[in-house]
Amino acid sequence: MTGAKERIPTYITGLDEKMQGGIPKGHIVLLAGVSGSMKSSLGFSMLYNAVQEGKTSGIYVTLEQGKDSLGSHMAGMGMDVQDPRVRSRIAIIDLADLRVQLDSKGMTDSVDWMGQLIKQLANYRDSIGFEVVVFDSLGAFFTLTKMENPRDEIFRFFEAIRRMGLTGIIICEMMGEAKSQYGEFGIEDYLSDGVIHLTMERSDDFIQRKVSVVKMRHTDHILGYRPYRWDSSICKFRID
Ligand SMILES: Nc1ncnc2c1ncn2[C@@H]1O[C@H](COP(=O)(O)OP(=O)(O)OP(=O)(O)O)[C@@H](O)[C@H]1O
Ligand SMILES: [Mg+2]
């Protein structure tokens, strides 16, 4: 045996081939980038393409965008979100809805948000048996819940994902280019098994998006930033 790991491809054409086929199952990977760098599009398209190929099922937890907005965004990019296979294998949970429910019960102040989130994921896993969770985004979750110790809560969240045996794609916003760390709370990058960084570089009259695999445990991958773009004819990203 080679000890080869089962992987979930990124479905960035040209990149998977240069990272042994993708993300090892069970990893927690940060998808970090500035606003507009297509983090949500990439997170969703990974799940979408994996589901289309019958490789997995997953949950997309959205806080940045409502469920309808997310659906129409992905449909606008050419993904068939009404496809029965997609509808049955990707559950989209809008956590803002959970907040509204708890607000209406007057429970928002005392609620253990992270506990509620973990409980919901465990319930979904037990009832529909999904494997991948895309979480969009960490920053929005902490803004919504006003939690005081994000570092402790992130630790708890990642531990829960590992304990449940899920593969986690965790979206986090990068405020600027100059930071040496990925994420906002200072611990996400070293608690995670991998970091995929999306950038937007400006030249005089042009903006170029680039992608880099900054780290991926158990994986021989290329380093360096490569231009990437969405190819609607195949519903996948590609590096040029
Ligand atoms: N059909 C399309 N084809 C290619 N690119 C598109 C298409 N529709 C939208 N975009 C690009 O995708 C960008 C938004 O992508 P996305 O929402 O995934 O980014 P994000 O990093 O999640 O942003 P945010 O930080 O606001 O959540 C838009 O700014 C636009 O440039
Ligand atoms: Mg987004």
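Which residues of the largest nonpolar core touch the most other members? That's my way in today. Keep in mind that what we have on screen is a predicted model.

Okay, the answer. The largest nonpolar core has 58 residues, and the ones that touch the most other members are Leu-31, Leu-47, Val-132, Val-133, Val-134 and Ile-170. Helix α1 gives the most to this core, 7 residues. If you're wondering about the general idea, nonpolar side chains in soluble globular proteins tend to be buried together.

Let's zoom in on one of those residues, Val-132. Leaving out residues up to four places away in sequence, Val-132 touches Ile-8, Leu-47, Ala-50, Thr-56, Gly-58, Leu-166, Thr-167 and Ile-169.

Now, the sheet. Ten might sound like a lot to keep track of, so just follow along: 10 strands form an open sheet, and the order is β2-β12-β11-β10-β9-β4-β8-β7-β5-β6, with mixed pairing. At the edges we have β2, residues 12-13, and β6, residues 90-94, and each of those pairs on one side only. Helix α1 packs on this sheet, touching β4, β5, β6, β7, β8, β9, β11 and β12, and the direction of α1 makes about 165° with that of β7.

Let's walk across, beginning at the β2 edge. Strands β2 and β12 pair in the parallel sense over 2 bridges, and Ile-12 has Phe-237 in β12 as its bridge partner. Next, β12 pairs with β11, this time antiparallel, over 4 bridges. There, Arg-229 stands opposite Arg-238 in β12. The hairpin of β11 and β12 has 4 residues between the strands, and in that hairpin Cys-235 takes a positive phi near 60°.

Moving on, β11, residues 226-231, pairs with β10 in the antiparallel sense over 2 bridges. You can find that pairing on screen by looking for Lys-210, whose bridge partner in β11 is Pro-227.

How many bridges join β9 to β10? It's 10, and these strands, residues 194-203 and 206-216, run antiparallel. A hairpin of 2 residues connects β9 to β10, and Ser-203 has Phe-206 in β10 as its bridge partner.

Then we get to β4. Strands β4 and β9 pair in the parallel sense over 5 bridges, with Gly-33 matched to Leu-198 in β9. On to β8: 6 bridges join β4, residues 28-33, to β8, residues 167-173, and these two run parallel. Here the bridge partner of Ala-32 is Cys-172 in β8.

Right, on to the ligand. There are 13 residues around ligand 1, and Ser-35, Met-38, Lys-39, Ser-40 and Ser-41 come nearest. Which helix gives the most to that shell? That would be α1, residues 39-52, with 3 residues. So we meet α1 again, the helix that also gives the most to the core. By class, the shell has 3 nonpolar, 7 polar and 3 charged residues.

Next stop, the α4 region. Helix α4, residues 95-104, is hardly covered: among its 10 residues, the count of buried ones is 1. After α4 comes Gly-106, with a positive phi near 65°. Further along, in the loop between α4 and α5, you'll find Asp-112. Is Asp-112 buried or exposed? It counts as exposed, because it has 12 C-beta neighbours inside 10 Å. Also, Asp-112 and Met-147 are 35 residues apart in sequence but 9.1 Å apart in space, going C-alpha to C-alpha.

Last bit: some backbone oddities to look up. The peptide bond from Asp-136 to Ser-137 is cis, with omega near 10°, and Ser-137 is in the loop between β7 and α6.

Then there are two residues with a positive phi of about 60° that aren't glycines. One is Tyr-11, in the loop between β1 and β2. Tyr-11 counts as buried because it has 22 C-beta neighbours inside 10 Å. The other is Gln-20, in the loop between β2 and β3. Why is Gln-20 called partly exposed? Because there are 16 other C-beta atoms within 10 Å of Gln-20.

That's my tour, thanks for listening.

How values were computed:
Residues numbered from 1 in each chain as written. Chains lettered and ligands numbered in written order. Predicted model: local features only at pLDDT ≥ 70, side-chain atom pairs only at ≥ 80, totals over all residues. Near = placed C-beta within 6 Å. Nonpolar A, V, L, I, M, F, W, Y, C, P; charged D, E, K, R; others polar. Pairing = 2+ DSSP bridges. Core = buried A, V, L, I, M, F, W, Y, C linked by C-beta atoms within 7 Å. Buried ≥ 20, exposed ≤ 12 C-beta atoms within 10 Å, placed from the backbone. Contact = placed C-beta atoms within 7 Å. Axes fitted to C-alpha atoms, helices over the stretch in contact; angles between N-to-C directions.
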